[in-house]
Amino acid sequence: MKIKLSDYLRPLVAGALLLGSAAFTSLASAEVQPLDRVVAIVDNDVIMQSQLDQRIREVQQTIDKRGADAPPMDVLQQQVLERLITENLQLQIGERSGIRISDEELNQAMGTIAQRNNMTLEQFRGALARDGLSLETAREQIRREMIISRVRQRRIAERVQVSDQEVRNFLASDLGKLQLSEEYRLANILIAVPEAADSAAIQAAERRASDTYEKLQQGADFAQLAVARSASENALEGGDMGWRKAAQLPPPFDSEVRELAVGDVTRPVRTPPGFIILKLLDKRGGDTQVRDEVHVRHILIKPSAIRSDEEAQLLVQRLRERIVAGEDFAELAKSFSEDPGSALNGGDLNWIDPGSLVPEFREIMANTASGQLSPAFKSPYGWHILEVLGRRATDASEEFREQQALNLLRNRKYEDELQAWLRQIRDEAYVEIKL
């Protein structure tokens, strides 16, 4: 629907006539102070100059923090406006699709962001204020980002398809073998040696590196020593280098880290920048993945319109008493259990990964010994009793590698499909730029 300017001017003109000619003359001669203006019409919405200015300020702050040079203002303005247009289109899609972010979800997201930055909400509010943002503005930005994320998940997921053959080809490729190899989370301490250092300076650095290593062997905190002694750019983060693959490390570290246990440190190694000590903080991936599985069976009784929650609980307790008295679990499950997936099998869920179960079921199962019957307990599905028939550790390495490959290929295709979809919605939209 086109906006008719006359619809807005008519009440303004009528109001001016009521003021009388003298007042009208005074208004006409007064200096006009524009408060805001439209810089772009995007389908059924608009982008205001104030939105553009605010986003430009945020981008400039980010660029300044990185120590990079900002592009010319006209280029930056055009880039930021295009980003706002694309975001606006996605938000309109979210609105039409009925996507809403509740205050509870938003509060959880705010808490998670603060926690990841090792802050309380009050400290987070202070950090935002130092960057020129109010908590309300930040909440609205996060709400927008969450809506956009959900729009993308819905629209892109259906476009991404990965075949079994693609997974097999990837696993057989050199790239696949590299990307699925073990990863190491490392921290480092660098005792620097100047480029033109003489032998005395080199020996002093070596002694300092050896002293640092000895302190670590005696139990000193690696992160604290990194802050106090390291010349590495990540010293203030406790030397944390993040996740690396062995192939990404220079010799001899590429082979040394494979032999380290989590928590171990390497001896100081001389490198061009100086003497380096590495600590293995964690590791993941690799060829061997062991998964714990439990063989369990259960009986489920659901509350309903004709059976109250208390009656469901009472029935489960009576069934438990009958099993303890000697009746067959499987036969009672076939007769009474309301889990359609397992009732005909005597309640048997077969070997199952505990991680795939709801927390209530998983917790009771973990605390029930093999061959034992659990007490009656409640889950979101209703009232249960379960029996643990056995436990085992299963080598799930191949399944794990296939899932990793599937995720990597999906992520790669997701980015390609996302960019294609963003171009599509931009091309199909009505956009009128007013700058």
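This is a friendly chat about strands, helices and two backbone oddities in a predicted model.

Reader: Hi! Let's start with the open sheet. How many strands form it, and in what order?

Author: Happy to help. In this predicted model, 4 strands form the open sheet, and their order is S4-S3-S6-S5. The pairing is antiparallel.

Reader: Nice. Which strands are the edge strands?

Author: Those are S4, covering 240–245, and S5, covering 269–271. Each of these edge strands pairs on one side only.

Reader: And by what angle are neighbouring strands of this sheet turned against each other?

Author: On average it is 45°, with direction ignored.

Reader: Let's look at the pair in the middle of that order. How many bridges join S3 to S6?

Author: There are 10 bridges between S3, residues 183–192, and S6, residues 274–284. The two strands run antiparallel.

Reader: Can I have a residue to click on? What stands opposite Tyr-184?

Author: Try Lys-283, which is in S6.

Reader: Great, found it. Now helices: which strands does H10 lie across?

Author: Helix H10, residues 199–217, lies across S3, S5 and S6. Against S6, H10 runs at about 30°.

Reader: What about H11, which strands does that helix lie across?

Author: H11 spans residues 222–229 and lies across S3 and S6. The angle between H11 and S3 is about 35°.

Reader: Changing topic, let's go back towards the start of the chain. How do S1 and S2 pair?

Author: They pair in the antiparallel sense, over 4 bridges. S1 is residues 38–42 and S2 is residues 45–48. One of the partnerships to look at is Val-38 with Met-48 in S2.

Reader: And how many residues lie between S1 and S2 in that hairpin?

Author: There are 2 residues between them. Asp-43 sits in this turn, and its phi is near 50°, a positive value in a residue other than glycine.

Reader: Interesting! Is Asp-43 buried, exposed or partly exposed?

Author: Asp-43 is partly exposed, because its relative accessible area is 30%, which falls between the cut-offs of 20% for buried and 50% for exposed.

Reader: One last thing. What is odd about the phi of Asn-350?

Author: Asn-350 has a positive phi of about 65°, although it is not a glycine.

Reader: Where is Asn-350 found, then?

Author: Asn-350 is in strand S8, residues 348–352, whereas Asp-43 is in the loop between S1 and S2.

Reader: And what is the relative accessibility of Asn-350?

Author: It is 45%, so Asn-350 counts as partly exposed.

Reader: Lovely, thanks!

Technical notes: Residues are numbered from 1 along each chain as its sequence is written. This is a predicted model: local features need pLDDT of at least 70, side-chain atom pairs count only at pLDDT 80 or more; totals for chains, interfaces and linings use all residues. Side-chain values use heavy atoms; hydrogens and water are left out. Two strands pair if DSSP finds at least two bridges between them. Axes are lines fitted to C-alpha atoms, for helices over the stretch in contact, and angles run from 0 to 180 degrees between N-to-C directions. Contact means heavy atoms within 4.5 Å. Buried means under 20% relative accessible area, exposed over 50%, partly exposed in between (1.4 Å probe, protein chains only).
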